[in-house]
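Here's a set of exercises to work through with the structure open beside you. Try each task before reading its solution.

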Amino acid sequence: MLSDEELDRYARQIILKEIGGAGQARLKAATVAVIGAGGIGSPAIQYLAGAGIGRLIIIDDDAVDLSNLQRQTLFATAEQGHPKATAAMHAARRLNPLSNIEPRQARLDANNAATLLSGADVIVDGCDNFATRLAAADAALALRIPLVSAAVGQFEGQLGVYRGWEADKPCYRCFVGDAPGDAEASCAEAGVLGPVTGVLGSMAALEAIRAIVPFGDDPAGRLLLVDLLSWRFRSVALPMDPDCRCRSSR
């Protein structure tokens, strides 16, 4: 049931025929795990809390740094040195005290991923390294939890939704393989424009909401490529890798 306060708070969503009261109730009952409270995680957390997700798990082992504030909009200058997971929790609770926010100050890896992500209905991965992405992807596949994966660099970004246990859908490893050959350049090395992370983080939140309350076209099996230097958005089909380990989970 939705309270009068919730009906007022979420009125602009409830009025959408694709969401409605039933969809809002599903959002209230849902758990979303967000990996990384950084440039992508910040807007994702804000929009998920604002949308009325009942339980948000925020996983991050880092602390707020002055160089984060150009793009990580959850944090204030006075929060430098504070754990990001905890600072993100306080920001999300200020935005929506009706949402249950659980900070988990930990670096997700292959050993703890299943424990940290267990119970989630959707996983949003906005981390900044392949080791964590692969651990998250493997756990999402094993637990059969939809994975929304977003990445950015400079003026570009990409977004995908993965449900690799389904017969006709690729997993994240179908896309990147077991050991991506090109070393990633960090934001500190390559740079990134803050609003680019905002665009991808907001879109990641949208796809998490879509995974809970299905509407429109299913994005799983396609990759969205965003080039904001040239103002281009395009999507490409992601084929399944016949040799990928995800075949054994089907």
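**Exercise 1. Find the partner of Glu207 and say how the two sit in the fold.**

Start with the contact: in this predicted model, the side chains of Glu207 and Arg210 form a salt bridge, with N to O at 2.7 Å. Next, place them in the chain. Both belong to helix H10 and are three residues apart, about one turn of the helix. Finally, check the exposure: both Glu207 and Arg210 are buried. Elsewhere, salt bridges with shared partners tie Arg163, Glu166, Asp168, Lys169 and Asp218 into one network.

**Exercise 2. Check whether the length of H10 agrees or disagrees with its residue count.**

Take the 19 residues of H10 at 1.5 Å a residue, and the expected span is 27 Å. The expected span uses one less than the number of residues, so don't multiply by the full count. Now compare: the end C-alpha atoms of H10 are 28 Å apart, which agrees. While you're on this helix, look at what's covered: the buried residues of H10 include Gly194, Val196, Leu200, Ala204 and Ile212.

**Exercise 3. Compare two other salt bridges, Lys28 with Glu6 and Lys17 with Glu18.**

Take Lys28 and Glu6 to begin with. Their side chains meet at 3.1 Å, N to O. The pair links distant parts of the chain, as Lys28 is in helix H3 (residues 20-29) and Glu6 is in helix H1 (residues 4-9), 22 residues apart. For exposure, Lys28 has a relative accessible area of 36%, so it's partly exposed. Glu6 comes in at 7%, so it counts as buried.

Then do Lys17 and Glu18, whose salt bridge is 3.0 Å, N to O. Lys17 is at 75% relative accessible area, so it's exposed. Glu18 is at 36%, so it's partly exposed. The count of salt bridges comes to 14.

**Exercise 4. Work out which elements line the second largest pocket.**

First, the space: the second largest pocket holds about 240 Å³. Two elements, H4 and helix H10 (194-212), each give two or more residues to its lining. Of the elements, H10 gives the most, with four residues. Now list some of the lining: among the residues are Gln13, Glu18, Tyr47, Ala51, Ser202, Leu206 and Phe215. Sorted by class, the lining has nine nonpolar, two polar and one charged residues. Glu18 turns up here as well as in the salt bridge with Lys17.

**Exercise 5. Is helix H4 mostly covered or mostly open?**

Count along residues 41-51: eight of the 11 residues are buried, so H4 is mostly covered by the under-20% cut-off. The buried set includes Pro43, Ala44, Ile45, Leu48 and Ala51. Ala51 also belongs to the lining of the second largest pocket. Then step just past the helix, where Gly52 has a positive phi of about 95 degrees.

**Exercise 6. How many disulfides does the structure hold, and why is Cys244 in none?**

Recall what you're looking for: a disulfide is a covalent bond between the sulfur atoms of two cysteines. The structure holds zero of these. Try Cys244: the nearest cysteine sulfur, that of Cys171, is 3.4 Å away. A disulfide needs the sulfur atoms within 2.5 Å, so Cys244 and Cys171 don't make one. As for exposure, Cys244 is at 9% relative accessibility and so counts as buried. Cys174, with a relative accessible area of 13%, is buried too.

Technical notes:
Residues numbered from 1 in each chain as written. Predicted model: local features only at pLDDT ≥ 70, side-chain atom pairs only at ≥ 80, totals over all residues. Heavy atoms only, no water. Buried < 20%, exposed > 50% of the residue type's maximum accessible area, 1.4 Å probe, protein only. 1 Å grid on protein atoms, 1.4 Å probe; cavity = no way out; pocket = protein on both sides within 12 Å on 5 of 7 lines; lining within 4 Å. Points joined across faces, edges and corners; volume = space filled by probe spheres on them. Nonpolar A, V, L, I, M, F, W, Y, C, P; charged D, E, K, R; others polar. Salt bridge = Lys/Arg side-chain N within 4 Å of Asp/Glu carboxyl O.
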